[in-house]
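Reader: I am new to reading protein models. Can we go through one together, with short answers?

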Amino acid sequence: MSLVLRETALAFKRAPLLSALSVTTIAFSLFVFGLFGLVAVNIRRTIGDVAERVEVVAYLKRGTPIETVTMASADVEAFPEVQRVAHVTEEDALARARQDLTEFRDIFQDLETNPLPASLDVRLKPQFRDARHAAAVADRLRSYPFVDDVRYGQEWVENLDRLRNIAGAVAAVVGSAFALVAIIIIGTTIRMAVLQRSREIEIMRLVGATDGFIRRPFLLEGLLKGLIGGLGAFALCYGAYALIDTYLLRASFFTSAQALIGIGAGGLIGLVGSTVSVGRHLRNV
Amino acid sequence: MIKFTSVTKDYPKTGAALKDATFHIGKGEFAFLTGHSGAGKSTALRLMYLADRPTTGEVRVSGFSTNRMSQREIPRLRRRLGIVFQDFQLLEERTAEENVAFALEVTGARRSTIGPRVMRVLTQVGLASKANQYPRELSGGEQQRVAIARALVNDPLVLLADEPTGNLDERATRGILQLLKDINASGTAVVMATHDLDIVRSMRAHLVELQHGMVVYDSAEDVTERETASP
């Protein structure tokens with residue numbers, strides 16, 4: 001094992017330029033992919049923020065006894081799609097209207113009777129905040145006899161769905177294209193490193209080194225280059241994010257799990273690239 | 001030791017490089033493979049170290065048979081062989097000592113034994129004083145000596161040399177030839193491919209001559225010739 005480490009270190013030392021070049025290439029191709037990832041993460045977050053507001057509101061008939069509402073509320077909370085249910089009384093509704101709709105404050109002040117109905121405000125779990133599930137929940141709420149009307153902003157929830165689908169499709173297509181380009185570039189870079197040492201590989205074979213032995217330093221080298229490149233890409237992404245966040249618009253960065261997966265993916269691509277290149281080379285010599 | 005039995009080697013692009021070749025090289029022998037370029041000398045050597053396998057026929061080297069050997073066994077065979085080329089095949093960025101040590105390191109020799117073994121063979125080829133020099137600082141003859149030292153360091157049964165003097169001047173050639181003779185005298189068989197008839201004539205040795213891939217002369221088969229050729 002110490003020999004493998006030594007040979008790997010030597011490879012970096014003997015060809016510093018090529019090593020630096022391949023690490024830089026790996027870093028930049030992962031950086032491009034990472035930038036795309038940042039855009040995707042932020043779009044996702046924004047859509048998530050908007051989806052926060054998906055809420056199904058069931059307006060209650062006037063005079064519904066509070067016990068009935070409480071029971072129904074517990075019932076609705078047990079729906080698999082539902083995160084939580086808030087009971088808004090008529091007084092709460094009026095207070096909220098006074099607060100939210102300041103331009104109509106005077107009208108609300110002068111009222112003798114409260115025209116606003118009580119309601120159950122039903123918030124859905126994040127994965128169910130789409131038109132289909134909102135409609136299903138709305139239908140079930142309508143079946144309660146004391147429910148007067150149910151609203152969930154059908155039109156904009158459908159728009160949100162459409163936006164989500166488009167964003168998902170674009171992310172999948174563009175993301176895989178970027179990933180493919182990164183893999184091809186990294187593979188080529190590593191192949192160059194292997195070719196540069198083809199003579200060494202040939203001599204190792206002639207003196208009776210086993211294929212496994214020959215492969216190991218290259219695999220370690222590929223893995224290291226991939227990891228270092230991945231770290232570089234991470235740093236570049238962070239720099240780009242910091243600039244955008246400071247000067248352009250508030251953005252969010254990868255979670256640490258996402259960042260680790262990205263760096264790990266760099267290492268993996270390096271490892272796989274080396275395996276393929278060395279394997280092809282060993283068959284030829 | 002090395003036995004070719006009706007060996008034919010066809011290359012898809014260039015056709016037959018060896019045709020029905022049969023010869024035998026004994027333990028501890030010094031043998032020349034000779035013939036014009038393209039006669040099949042290098043092919044015969046490549047078959048001996050299993051860089052290629054015969055299309056038909058069988059090559060046996062030190063108990064290994066080309067017909068029954070898996071790809072995984074090839075490294076084991078090669079550790080019993082020393083291989084030397086016309087173009088030396090040294091690693092430019094390693095010193096003479098490191099080039100020789102490389103052959104031991106990559107075959108998993110114990111670290112503590114490497115240094116002494118490397119110095120022993122470098123002394124044997126007369127280059128102990130240049131152990132720390134790089135190939136570019138050495139003459140052609142010296143580079144070939146480093147290559148020979150690398151081939152010897154695993155104590156091979158056979159040294160296979162493909163035109164080892166092809167790139168050398170006459171003086172260096174004589175030196176390398178003498179070195180190969182000394183190696184042979186200490187018990188290692190030597191198989192040398194060469195087209196240089198002066199070299200072949202300069203010493204008594206087993207001679208196999210190839211022409212267009214066929215064995216046209218084998219001194220081991222020709223008793224009268226061997227007797228008349230002997231001074």
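**A predicted model, in questions**

Author: In this predicted model, a polar side-chain atom of B:Q143 sits 3.2 Å from the backbone oxygen of B:P135.

Reader: Which helix of chain B holds B:Q143?

Author: Start with the number, 143. One helix of chain B covers residues 140–152, and B:Q143 falls in that range. The helix is α5.

Reader: Is B:Q143 buried or exposed?

Author: Look at the relative accessible area. Buried means under 20%. B:Q143 has 14%, so this residue counts as buried.

Reader: Leaving aside neighbours within four places in sequence, which residues is B:Q143 in contact with?

Author: We already met B:P135, whose backbone oxygen lies 3.2 Å from a polar atom of the B:Q143 side chain. Leaving aside neighbours within four places in sequence, the contacts of B:Q143 are B:F88, B:L90, B:P135 and B:L138.

Reader: How far apart in space are B:Q143 and B:H212?

Author: In sequence, 69 residues separate B:Q143 and B:H212. In space, go from C-alpha to C-alpha. The distance is 32 Å.

Reader: Is B:T173 buried or exposed?

Author: B:T173 is in helix α6 of chain B, residues 170–185. Beyond its neighbours within four places in sequence, B:T173 is in contact with B:T165, B:L168 and B:I199. The cut-off for buried is under 20%. At 10% relative accessibility, B:T173 is buried.

Reader: Now to chain A. What radius of gyration does chain A have?

Author: The C-alpha trace of chain A spans about 100 × 40 × 30 Å along its principal axes. For a compact globule of 285 residues, the radius would be near 19 Å. Chain A has 30 Å.

Reader: How many helices and strands does chain A have?

Author: Read the elements from the N terminus on: α-α-β-α-β-α-α-β-α-β-α-α-α-α. Each α is a helix and each β a strand. The result is ten helices and four strands.

Reader: What share of the residues in chain A is buried?

Author: Chain A has 285 residues. Buried residues have under 20% relative accessible area. Their share in chain A is 41%.

Reader: Why does the salt bridge between A:R140 and A:E81 tie together parts of the chain that are apart in sequence?

Author: The closest N and O atoms of A:R140 and A:E81 are 2.8 Å apart. A:R140 lies in helix α6 of chain A, while A:E81 lies in the loop between α3 and β2, so the pair links parts separated in sequence by 59 residues.

Reader: Which of these counts as buried, A:R140 or A:E81?

Author: Buried means under 20%. A:R140 has 30% relative accessibility, so A:R140 is partly exposed. The other partner has 7%, so the buried one is A:E81.

Reader: A:D139 and A:R142 also form a salt bridge. About how many helical turns separate them?

Author: Their closest N and O atoms are 2.9 Å apart. An α-helix has 3.6 residues a turn. A:D139 and A:R142 are three residues apart in helix α6 of chain A, so the separation is about one helical turn.

Reader: How many salt bridges are there between chain B and chain A?

Author: Over all chains, the structure holds 16 salt bridges. Between chain B and chain A, the count is one.

Reader: Which residues form that salt bridge?

Author: Side chains of opposite charge can pair when their charged atoms come close. Here the closest N and O atoms are 2.9 Å apart. Both residues are buried. The pair is B:R94 and A:E200.

Reader: Which residues do salt bridges with shared partners join into one network?

Author: A:E200 is in helix α8 of chain A, among the buried residues there. A:E200 pairs with B:R94 of chain B. Salt bridges that share partners join these two with others, and the network is A:R197, A:E200, A:E221, A:K225 and B:R94.

Reader: How much area is buried between chain B and chain A?

Author: In contact there are 21 residues of chain B and 18 residues of chain A. Carbon and sulfur atoms give 54% of the buried area. The area is about 1800 Å².

Definitions and conventions:
Residues are numbered from 1 along each chain as its sequence is written. Chains are lettered from A and ligands numbered from 1 in the order in which they are written. This is a predicted model: local features need pLDDT of at least 70, side-chain atom pairs count only at pLDDT 80 or more; totals for chains, interfaces and linings use all residues. Side-chain values use heavy atoms; hydrogens and water are left out. Contact means heavy atoms within 4.5 Å. Buried area is the accessible area (1.4 Å probe) that two parts lose on being put together, summed over both. A salt bridge is a side-chain nitrogen of Lys or Arg within 4 Å of a carboxyl oxygen of Asp or Glu. Helices (H or I, at least four residues) and strands (E, at least two) are DSSP runs, numbered from the N terminus. The radius of gyration is taken over C-alpha atoms; the globule rule is 2.2 Å times the number of residues to the power 0.38. Buried means under 20% relative accessible area, exposed over 50%, partly exposed in between (1.4 Å probe, protein chains only). A polar contact is a pair of N or O atoms within 3.5 Å; within protein, one must be able to donate a hydrogen and the other to accept it, and residues adjacent in sequence count only if both atoms are side-chain atoms.
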